[in-house]
Amino acid sequence: MQVAAILNTRSGSLKQIDLGRLERAIREQFATAERTVACFRVNGSELKTVLAEQCSRQEVSLLLAAGGDGTISAAAEAAWRSGKTLAIVPAGTMNLFARSLKLPLDVHECVTALARGQQTSIDIAVVNGRSFLHFFTIGVYPKLVNKRSHYTYSGRLTKVWAGIKAFFSTRAEPALHCVKFTRDGSPEQHKHLSILGVSNNLFGSGHLPFADDLQGGKLGIYSVGKISVPKLYQLAKDIAFGRWNESSLIKVSTARTIHLRLEKMSSKNHCAIDGELLPIEREYTIELHPKALNLLIP
């Protein structure tokens with residue numbers, strides 16, 4: 001059985017370690033499980049092409065991806081569509097999906113644990129035909145991501161600081177969307193929203209925004225109505241401390257399928273899917289596929 005190990009050299013942790021040593025560790029650890037390994041170093045622009053090439057090879061049974069949440073999301077899309085099993089090595093700044101899986105955050109410890117691991121299946125969400133592992137959102141957050149990209153950061157703390165600076169430049173102009181909402185086939189009234197986010201299972205409480213259970217079978221829906229600047233500060237605190245369910249500003253619900261239609265939108269706005277900015281669309285269909293992604297875990 002062959003493993004295709006894809007290392008995104010642009011990811012935060014991989015910039016700071018000996019990649020040759022990591023590749024040797026992957027080969028040696030997976031050799032104990034009678035798997036041969038082919039390693040590929042890629043940059044961001046090459047990532048999806050190499051993922052597609054390796055997923056098209058019949059002899060490849062396991063796709064191992066080392067990188068940040070964006071890399072892992074792209075690898076999950078490729079593995080899900082090709083029916084491959086996915087293994088992830090967290091090498092980004094936040095590693096939110098790895099935290100959901102309770103993986104070791106040290107790359108070498110993670111490789112050792114995965115080589116002795118077992119296969120399971122987890123839920124994956126799909127928006128307009130594109131899968132996501134973590135979060136889809138419109139409103140204030142994509143504006144913040146866009147502005148954060150203008151700042152330089154090289155690690156977790158500097159990324160947080162860039163986010164804080166982006167927040168203060170975004171606070172005076174919170175986005176507002178008029179959204180027509182259908183949840184599990186039941187239409188709801190138009191909602192004027194500053195933020196609408198949909199997660200692959202509900203976020204857990206008291207920590208960074210990631211799900212504690214990726215087999216829960218439900219999309220998490222987080223909506224925030226028209227919000228003033230002072231309340232935006234409170235919202236930032238609630239999100240930072242994981243107070244999703246306790247916040248008076250955030251309405252939380254669940255569904256298996258959601259349909260959204262934006263009644264008012266600007267071509268300048270974006271959506272964000274697992275942290276990647278994309279042009280906004282007028283309509284979105286979001287569905288959860290229970291236990292559809294095969295995954296290797298410790």
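This passage looks at one helix and at the aromatic contacts of a predicted model. Local features were accepted at pLDDT of at least 70 and side-chain atom pairs at pLDDT 80 or more, while totals for chains, interfaces and linings use all residues. Residues are numbered from 1 along each chain as its sequence is written, and side-chain values use heavy atoms, with hydrogens and water left out.

Helix α3 covers residues 69-82, and the 20 Å between its end C-alpha atoms agrees with the 20 Å expected for 14 residues at 1.5 Å a residue (the expected span is 1.5 Å times one less than the number of residues; helices are DSSP runs of H or I, at least four residues, and strands are runs of E, at least two, numbered from the N terminus). Because 10 of its 14 residues are buried, α3 is largely enclosed by the rest of the structure (buried means under 20% relative accessible area, with a 1.4 Å probe and protein chains only). Among the buried residues are T71, E77 and W80. After α3 comes G83, with a positive phi near 75°.

Turning to the rings, the whole structure holds 4 aromatic pairs (Phe, Tyr or Trp rings, the six-membered one for Trp, with centres within 6.5 Å; planes under 30 degrees apart are stacked, over 60 edge-to-face, the rest tilted). F135 and Y222 form an edge-to-face pair, with centres 6.4 Å apart and planes at 65°. This pair ties strand β7 to strand β10, parts that are 87 residues apart in sequence. F203 and Y222 are stacked, at 5.2 Å and 15°. Ring pairs thus link F135, F203 and Y222 into a cluster. Relative accessibility is 16% for F135, 6% for F203 and 4% for Y222.

Definitions and conventions: Buried < 20%, exposed > 50% of the residue type's maximum accessible area, 1.4 Å probe, protein only.
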